[in-house]
Amino acid sequence: KANVYIDQVDCYGKTALIHACENGMYDVVGALIATGKCRPECADDNCKTALIHACYQKESEIALALIRLNNGAHGYGDSDERTPLIYACMNRMQHVALALIKTGKSNPKQVDEYGNTALTYAIQNNMTSVIALLS
């Protein structure tokens, strides 16, 4: 019975996985992923997926677990036109940024609402390994 609501969406467009990612609940994220019903491709009413929330919250381990799902949501942009890769570069999450780039689905050319790309933020944060892959 506990798994019945895992794939449900609340009035804000959030799944249990999104709530867990917003709150840095790594063990809960892992349990939700293990069910196979957590719907990581879903986005809330601000167009943020679980992966975007993890990168926004600087939750590297959660982000890496979601990247390993390889569900295709890696290149989605939120209402600010920011992708997980942009957030990873903004927040100096080099391992996450590298993992996203290596998927081939990260949309490195995405421009956010301020005209910046992941490369812009990587340069600002001196993320040399990421710069090398994005240049």
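Lys48 is found in the loop that runs between helices α2 and α3 of this predicted model. Although a lysine, Lys48 is buried, because its relative accessible area of 11% falls under the 20% cut-off. The side chain of Lys48 makes a polar contact of 3.0 Å with the side chain of Asp78. Asp78 is also one of the residues that Lys48 touches when those up to four places away in sequence are set aside; the others are Ile18, Cys42, Ala43, His53, Asp80 and Tyr87. Gly13 offers a further reference point: 35 residues separate it from Lys48 along the chain, and the C-alpha atoms of the two are 9.4 Å apart.

Lys48 also leads to the aromatic residues, for it lies over the face of Tyr56, at 5.8 Å from the ring centre. Tyr56 in turn belongs to the one aromatic pair counted in the model. Its partner is Tyr87; the ring centres are 5.5 Å apart and the planes stand at 90 degrees, so the pair is edge-to-face. The two tyrosines come from distant parts of the chain, with Tyr56 in helix α3 (residues 50-56), Tyr87 in helix α5 (residues 84-90) and their positions 31 residues apart. Their surroundings can be set side by side: Tyr56 is partly exposed, at 45% relative accessibility, whereas Tyr87 is buried, with a relative accessible area of 2%. Tyr87 is, as noted above, also among the residues touched by Lys48.

Helix α2 (residues 26-35) presents a clear sidedness. Its buried residues are Val29, Leu32 and Ile33. These three cover an arc of only 100 degrees around the axis, and so they sit on the same side of α2. The spacing fits a general rule: an α-helix has 3.6 residues a turn, so residues three or four places apart point the same way. Asp27 and Ala34, on the other side of α2, are exposed. The cover over the buried residues of α2 includes α1 (16-22) and α4 (60-69). Just after α2 comes Gly36, which takes a positive phi of about 75 degrees.

The helices come together in the largest nonpolar core, which has 38 residues. Within this core, the residues with the most contacts are Leu17, Leu66, Leu85, Cys89, Val96 and Val130. Each of the helices α1, α2, α3, α4, α5, α6, α7 and α8 (128-134) supplies at least two residues. Helix α4 gives the most, with six residues. Val96 makes a good place to look at the packing in detail: leaving out residues up to four places away in sequence, Val96 touches Cys55, Ser60, Ala63, Leu64, Ile67 and Ala88.

A last site worth a visit is Asn116, in the loop between α6 (94-103) and α7 (118-124). Asn116 is buried, with a relative accessible area of 18%; this counts as buried because the cut-off is 20%. The side chains of Asn116 and Tyr121 are joined by a polar contact of 3.1 Å. Besides Tyr121, Asn116 touches Ile86, Gln110 and Val111, again not counting residues up to four places away in sequence. Asn116 and Lys48 can thus be read together as two polar residues in loops: Asn116 is buried at 18% and Lys48 at 11%, and the side chain of each makes a polar contact, with Tyr121 for Asn116 and with Asp78 for Lys48.

Notes. Residues are numbered from 1 along each chain as its sequence is written. This is a predicted model: local features need pLDDT of at least 70, side-chain atom pairs count only at pLDDT 80 or more; totals for chains, interfaces and linings use all residues. Side-chain values use heavy atoms; hydrogens and water are left out. Rings of Phe, Tyr and Trp (its six-membered ring) pair if their centres lie within 6.5 Å; planes under 30 degrees apart count as stacked, over 60 as edge-to-face and the rest as tilted. Helices (H or I, at least four residues) and strands (E, at least two) are DSSP runs, numbered from the N terminus. Buried means under 20% relative accessible area, exposed over 50%, partly exposed in between (1.4 Å probe, protein chains only). A charge sits over a ring if NZ of Lys or CZ of Arg is within 6 Å of the ring centre and within 35 degrees of the ring normal. A polar contact is a pair of N or O atoms within 3.5 Å; within protein, one must be able to donate a hydrogen and the other to accept it, and residues adjacent in sequence count only if both atoms are side-chain atoms. Contact means heavy atoms within 4.5 Å. The arc is that of the directions from the helix axis to the C-beta atoms. A nonpolar core is a set of buried Ala, Val, Leu, Ile, Met, Phe, Trp, Tyr and Cys residues joined through side-chain atoms within 4.5 Å.
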